[in-house]
Amino acid sequence: MEQVARVLDHEVKRLFPDGTVQRAEVRRGDGPGLLLVQVFIPGTEDLAAWAEEHREPMAELRRELSLRLPSARMLEFTSDAPDAPVISMPDDGSLAAEQLSSQDIVRRALALLRENYVFPELAGQVAASVEARLDAGEYDNLDEIALTELLTSHLQEASGNKHLRVGLGGARIPEPGEPRRDRDAGQAAGRGPGRQQMRRPGQLVNFGIHRVERLDGNIGYLDLRGVPPPEHAGPAITAAMELVAGTFALIIDLRRNGGGSPHGVALWCSYLIDERPIRLNDIFSAETGETTQFWSYPYLPGRRYLDRPVYVLTSSKTFSGGEDLGYTLQALGRAEVIGEATGGGAHPTRPFPISAAVHIGVPHARSISPLTGTNWQGTGVIPDTPAPADQAYDVAYTKALRHVLELGDVPPPIADEARDALASRELTG
C-alpha cells in the first residue's frame, strides 16, 4: 500500500495546491483487490460549497485514479466532523479500455527488460522464466497492486537484482520513433523543471540529512537517508560537514539510506579525503557503451575532515547510492563499516512506462570500482565489524569514545564527557 499512498499523495497535492485538503487516505475496499480513496477537507468547510468550488479538480482526480489506480473503484470526499456528509465518486468504467490487461502488462515489461537491461543475456533468461509463469496463468486477472508485487518478486528471484522491479505510477508512453527525453538530458538542454523547482522536494527532507549532532565526547554524528546530487544538496552537505568539523571522530549512519546520485557520493567522499583527485567509481552504460568516471573534488567550499576515524553504519536496508558511499569509503581505507551486509544494488536504474498505471525499473548500467575492480552487486557491502543493525550505533559510539580517551591532548571537560559516556554504556551494556 505504500506505493499506492505515494501515487495518491502526488495527485492530491498537484490538483489541490490551495491547501484546502487536509489529507487523503486509501484502504481496502469491499472486494478483493478493490480500494477506497477518501479525501478529507477541514470540518469547518461546507462540503457542498467546497465541492462546487472544486468541481474540476475533483473530476480530474477521479479520472487520474481510474487511469493510474484502476483498483480505486470508489473516491469519497468528506471531513472528520461528526456525522460528516460524504460525496461519493465511483469509477464509471469509461476509461477501462485505456488500461492494459495483466497479461499485456507482463509482456510489455519483458519487452522493455530485453531492450534495456545492462546484461542482455541475463535479460533473456529472466524473461523466459517469467514467460513460463505467464503461460501457466500465474498473472491472469490480477489487479495492478497484486500484479506489480508478484511480478517484481519473480523478476528479482530470476535475476538476483533488487533494482529490477515493477511499480505503480506510469507515464505517457512515447509514440514509435519518438526520442526519449531523460530528465537529466532535458535539464542540460534547458528543458524541464528549473533548478529551484527541483531543489524544493529535497529541501523538505533536508536533502537526506536527517540529523547532525555532536555527541558527548565530541563525536560527530550524521544520519544520512539519501544522497541527492551536489547541484541541489551541496550547500546542505557543506553546512553539515562544517558542524562536525571540530569533532574527534565521526559516525555516518547509512542504515536507512536508500540511495541517490553518484555525484553526491563523490562530494561526501571528498570531504573525508585530501585534495588530491581520486577516481572513486565508474559507471558503464549498456545503452551508449560509454563509461562515466566519478572523481573526488580538488576544491571544496568547506573544511575537509581528515586524520580522524570515521565509522559507517549499515543495515540490510542500505541500498544503491548509500551502498556506494559505504563501499567507496571502505575501499579507500577511510572508514570502518559497522553493521549488516547491505542490500546489494550496484546497477543504476531507469523507470520505463508500461501503462498509465504501471512502470518497470530496469538496471541499464553497472558500477565498477577502480579501487577494487568490482562492485557490491548481490553481495552488498560487507562490514568490517559485523553487528545487528540496531546495535551498530552502540558499537561505533563505543569505539569512538575509546579513541577519544586514547588521545593525549583532549581538554579535561571533553575527556570527562567521554569517560562518563563510555562508563554509562558499559554499565548498561
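The following paragraphs lead through a predicted model, from the whole chain to one of its strands, a helix, its salt bridges and two loop residues.

In this predicted model, local features need pLDDT of at least 70 and side-chain atom pairs count only at pLDDT 80 or more, whereas totals for chains, interfaces and linings use all residues. Residues are numbered from 1 along each chain as its sequence is written, and side-chain values use heavy atoms, with hydrogens and water left out.

The protein chain contains 13 helices and 16 strands, where helices (H or I, at least four residues) and strands (E, at least two) are DSSP runs numbered from the N terminus. Along its principal axes, the C-alpha trace spans about 75 × 60 × 45 Å. Of the 429 residues of the chain, 49% count as buried; buried means under 20% relative accessible area, exposed means over 50%, and partly exposed lies in between, with a 1.4 Å probe and protein chains only. The chain exposes about 20,800 Å², of which carbon and sulfur atoms supply 51%; accessible areas come from the Shrake-Rupley method with a 1.4 Å probe, and for residues only the protein chains shown count as cover. Among contacts in the chain with a separation of 6 or more, 71% are accounted for by residues 24 or more positions apart, a contact being heavy atoms within 4.5 Å.

Strand S2, residues 35-41, is a useful place to begin in detail, since seven of its seven residues are buried. Leu35, Val37, Val39 and Ile41 on one side of S2, and Leu36, Gln38 and Phe40 on the other, are all buried, and both faces are thus covered. S2 pairs with strand S1 (residues 23-28) in the antiparallel sense over six bridges, two strands being paired if DSSP finds at least two bridges between them. Within this pairing, phenylalanine 40 in S2 is the bridge partner of arginine 23. S2 also runs parallel to strand S3 (residues 72-79), to which seven bridges join it, and here leucine 36 stands opposite methionine 74 in S3.

Arginine 23 also leads to the charged side chains, for its side chain meets that of aspartate 80 in a salt bridge (2.7 Å, N to O). Because aspartate 80 lies in the loop between S3 and strand S4 (87-90) and arginine 23 in strand S1, the pair ties together parts that are 57 residues apart in sequence. Aspartate 80 counts as partly exposed at 46% relative accessibility, and arginine 23 is also partly exposed, with a relative accessible area of 30%. A salt bridge is here a side-chain nitrogen of Lys or Arg within 4 Å of a carboxyl oxygen of Asp or Glu, and by this rule the count comes to 23.

A second such pair involves helix H9, since the side chains of glutamate 242 and arginine 303 meet in a salt bridge (2.6 Å, N to O). This pair links distant parts of the chain, with glutamate 242 in H9 (residues 230-243) and arginine 303 in the loop between strand S10 (291-295) and strand S11 (310-314), 61 residues apart. Glutamate 242 is partly exposed at 35% relative accessibility, and arginine 303 is partly exposed at 49%.

H9 itself has 14 residues and reaches 18 Å from its first C-alpha to its last, close to the 20 Å expected at 1.5 Å a residue; the expected span is 1.5 Å times one less than the number of residues. A kink of about 25° is centred on alanine 236, the bend at a residue being the angle between axes fitted to the seven residues ending there and the seven starting there. Alanine 236 is one of the buried residues of H9, which also include His232, Ile237 and Met241.

Another salt bridge joins the side chains of aspartate 274 and arginine 276 (2.8 Å, N to O). Aspartate 274 is partly exposed, with a relative accessible area of 23%, whereas arginine 276 counts as exposed at 56%. Elsewhere, salt bridges that share partners join Glu11, Arg14, Glu60 and Arg68 into one network.

Two loop residues remain, and both concern the backbone. Most residues other than glycine have a negative phi. Asparagine 206, however, has a positive phi of about 55° although it is not a glycine. Asparagine 206 sits in the loop between helix H8 (195-204) and strand S6 (209-215) and is partly exposed, with a relative accessible area of 40%. Aspartate 307, likewise a residue other than glycine, has a positive phi near 60°. Aspartate 307 is found in the loop between S10 and S11, where it is exposed, with a relative accessible area of 80%.
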